[in-house]
Number of protein chains: 2
Amino acid sequence: MSVEEIMTRSKLLHMNAGNGECSYASSSTLQREVIQQAKPVLEDAIKKMFNNIGEFPKCFNMADLGCSSGPNTLYTVLNIIKIVQMLCHDKRCKMTEFQAYLNDLPDNDFNTIFKTIPSFYKNLKQADDGANCFVSGVPGSFYERLFPSKSLHLVHSSYSLHWLSKAPENIENNNNIYITRTSPPPVFEGYMKQFEKDFSRFLQLRSEEIVTGGLMLLTFIGRSIPDPYGNDTAHLDLLSKSLIDLIHEVEYFASAYNFLLAPSNSLEIALIVFITLLQGLIEQAELDSFDYPFYAPYKDEVETIVQTEGSFYLDTIKLFQVNWDERDNDDDVCFDAYSSGKHVARTMRAVLEQMLVGHFQLANSVVDSLFERYAYHLACHLLVQKGCLDHSKSVTTRAEALAAMGIPSHEGPRP
Amino acid sequence: MSVEEIMTRSKLLHMNAGNGECSYASSSTLQREVIQQAKPVLEDAIKKMFNNIGEFPKCFNMADLGCSSGPNTLYTVLNIIKIVQMLCHDKRCKMTEFQAYLNDLPDNDFNTIFKTIPSFYKNLKQADDGANCFVSGVPGSFYERLFPSKSLHLVHSSYSLHWLSKAPENIENNNNIYITRTSPPPVFEGYMKQFEKDFSRFLQLRSEEIVTGGLMLLTFIGRSIPDPYGNDTAHLDLLSKSLIDLIHEVEYFASAYNFLLAPSNSLEIALIVFITLLQGLIEQAELDSFDYPFYAPYKDEVETIVQTEGSFYLDTIKLFQVNWDERDNDDDVCFDAYSSGKHVARTMRAVLEQMLVGHFQLANSVVDSLFERYAYHLACHLLVQKGCLDHSKSVTTRAEALAAMGIPSHEGPRP
């Protein structure tokens, strides 16, 4: 990826900053749920690593790739420290120093994370018998080198590797923003090839950065079935639908309406204004040129890429499901479709707003409109999906996530 | 320092963010001049370090403490890389990896630095034969541990260590914000003790983080003479003067004036409004409770603290002078006092605005007022100082800076 590409991608692909209502920090409970579900795999991974590494390091170096900015960022670091300390306690050794590198693209809101670090240190010291953790922020794309050679014991990435370095090029996709039943075959092929290229590069780069015996745990969105046209990414079809709505929707300006009625204006001027008004909130060409830079692989694809690339052994691969509305994990509590639709739209907005505003040049009022529409489509989908119009049952659809644990192979990266 | 203290200090003691007119990024040419002046010491320091270190490291780890946010931040890193590469070239070795840690308090504007990193990498690769530099941001006070034990080859800090962890407590200072001729003796003593405590702690912490044979180069404001009441910090006396002006200055509200004249208001209400108006822009009590958390030591004081603390050998100490108006370094070009006053006030504003706004709760208009007044006092001072009312001579006063190079002592830190 060139510097220009990183800079462009960074400007578009970063979560909503700050702590406000639409921020990622306030709307990342789904991502927290994914971290929780992957936690047993993380524990197993660290145990294995401790058996792999001959001598215990004096300082345990970890990296969280695609850390974003919000309560999940330091939560992951805390989880890892706790697991390592528990293992050290069992083995009667003492690990007193941790170095945690938080990585994301340069436009990520690191300032907001950094402001919370003093209280993170305070809580850590109170809870864990004086362990020193040194946190630093590493801006850059994980499709480039980020760390010195052989410097990391553990690489962790949660809910980030489904982001491609860029969308596949030269594809025509019939009003869709991702692979769907109406996509021509080259669309799926283009996406799969881009993922293969990106993921292979990711593996090669990380194998240069991880110590012998070190370990990598990656959690990302995957498909539960080989069929790429399945229902797993229906939420993206619904986003296309919401964008198409905006093409046909017309903004209403009271002042322009008055202008049309004013007797002093000629019919010609009035018509020009009227035609301008009739343009949709986004243009068809803008939708045609938008491809979502994302890919959800099937687990066999992941296995094949890891084997072919050759830098890592794939130790464990696990598929688990998370509800679109992650709050819906209690059998006793049922959510209605409308509430779930709004919640899912809010979660997606925190992730997608910058990208959509950047591509479609959306005004604030149009962004609100888009996500209101999206919430509506999500709600309708949930109702149909579950045949549950009385709102008395849980109506959330599940997405899939893969947790893959890799150990550097003894041969090292292939040339 | 407690977490609460770090958080409070961080909120007050950080340079103006962003890239705007009043930002530190746009007003840090004085600090750049200091870096330039200290560069020969940096070169000597790195040469010495290369002789000290037995085996060449595969990755050269450096830290810049108090990096701030602006063009100087990565300029220092680039300087160090160039010097190391030149030495490597002479010794026919190759250093291909650098890790650069940029440290400042958690409220520093790291986001602005991080956005410039992709183009920094690009320029570096073009200029330096493919060296990989990995930059990361480390939020925290340098009066706390920041890095794992024995992990750094070079610690650098420019124009930061004159900032104390806090101002001395329980001092009464007659309308002054720093040591001046009208300060009672306990004021100087309080400041000196606070510096001694902070600087000793700094040395002890850094000695834990630097590898054996590694090196530290510190540049900070110092006094050229033992007398603490000399003219070196006249710019702080002038800042006190500007703050006192604001106590006696009254803000004029056109709307309130109209209110006073309106016949429907009783005399009583009119008087209350009038009294409110007569209050100054800041209050005397606010000035009395403000002590500038800064200290400019004499070089003998620095030597004594380094010897007493015992973790480092002081290898070199050098005093050099920088003009208040750093543009005035060319004998052929003369600046007038008014222009210099404005420039110095702008430089100081980028550094001090957050602290002053935080303590005095200043509105934007009052901040503008304060720095206009400050520019005026600076200009008058420059004119008197040089007896140069015809503006035909250079009128800038010089400040002093110390560059001290330290090498960890073999005994290590004292308990």
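In chain B of this predicted model, B:Ser68 is placed in the loop that runs between β1 (59–65) and α3. Its backbone deserves attention, for the phi of B:Ser68 is near 60°, a positive value in a residue other than glycine. Most residues other than glycine have a negative phi. Chain A offers a further case: A:Asn174 has a phi near 40°, again positive in a residue that is not glycine. The loop that holds A:Asn174 lies between β4 (152–158) and α5 (185–209) of chain A.

The loop of B:Ser68 leads to helix α3, and the packing of that helix may be taken next. Two packed helices are described by the angle between their axes and the distance between the axes. In chain B, helix α3 (residues 71–90) packs on helix α4 (residues 110–127) at an angle of about 30°, and the two axes are 11 Å apart. Angles under 35 degrees count as roughly parallel, and α3(B) is therefore roughly parallel to α4(B). The crossing of α3(B) and α4(B) is right-handed. On the side of α3(B), the residues that meet the partner helix are B:Thr73, B:Leu74, B:Val77, B:Leu78 and B:Ile81; on the side of α4(B), they are B:Ile113, B:Thr116, B:Ile117, B:Phe120 and B:Leu124. By class, this contact of α3(B) with α4(B) holds 8 nonpolar and 2 polar residues, with no charged residue.

The corresponding helices of chain A can be read in the same manner. The axes of α3 (residues 71–90) and α4 (residues 110–127) of chain A come within 11 Å and cross at roughly 30°, so that α3(A) is roughly parallel to α4(A). Their crossing is right-handed. Here α3(A) contributes A:Thr73, A:Leu74, A:Val77, A:Leu78 and A:Ile81, while α4(A) contributes A:Ile113, A:Thr116, A:Ile117, A:Phe120 and A:Leu124. The residues of this contact of α3(A) with α4(A) comprise 8 nonpolar, 2 polar and no charged ones.

Helix α4 also takes part in a contact between the chains. The axes of α4(A) and α4(B) are 8 Å apart, and the helices pack at an angle of about 135°; α4(A) and α4(B) are therefore oblique to each other. α4(A) passes α4(B) in a right-handed crossing. A:Phe110, A:Asn111 and A:Phe114 of α4(A) meet B:Phe110, B:Asn111 and B:Phe114 of α4(B). Of the residues in this contact between α4(A) and α4(B), 4 are nonpolar, 2 are polar and none is charged.

The relation of the two chains may now be stated. Two copies of a chain are related by a rotation about an axis and a shift along it. A turn of 180° with a shift of 0.0 Å along the axis lays chain B on chain A with an RMSD of 0.0 Å, which means that the chains are related by a two-fold axis. The same surface serves both copies, as 100% of the contact residues of chain B recur in chain A. Within chain B, B:Gly137 is the residue that comes closest to the rotation axis, its C-alpha lying at 2.5 Å.

Aromatic rings provide a final view. Over all chains, a search of the whole structure finds 43 aromatic pairs. One of these pairs, B:Phe142 with B:Phe202, is edge-to-face, with 5.5 Å from centre to centre and 85° between the planes. B:Phe142 is in the loop between β3 (132–139) and β4 (152–158) of chain B and B:Phe202 is in helix α5 (residues 185–209) of chain B, so the pair ties together parts that are 60 residues apart in sequence.

Note on methods
Residues numbered from 1 in each chain as written. Chains lettered and ligands numbered in written order. Predicted model: local features only at pLDDT ≥ 70, side-chain atom pairs only at ≥ 80, totals over all residues. Heavy atoms only, no water. Least-squares fit on C-alpha atoms with pLDDT ≥ 70 in both. Contact = heavy atoms within 4.5 Å. Axes fitted to C-alpha atoms, helices over the stretch in contact; angles between N-to-C directions. Helix = DSSP H or I, 4+ residues; strand = E, 2+ residues; numbered from the N terminus. Parallel < 35°, antiparallel > 145°, perpendicular 65-115°, else oblique. Left-handed = near helix turned anticlockwise from the far one by under 90°. Nonpolar A, V, L, I, M, F, W, Y, C, P; charged D, E, K, R; others polar. Phe/Tyr/Trp six-rings, centres within 6.5 Å; stacked < 30°, edge-to-face > 60°.
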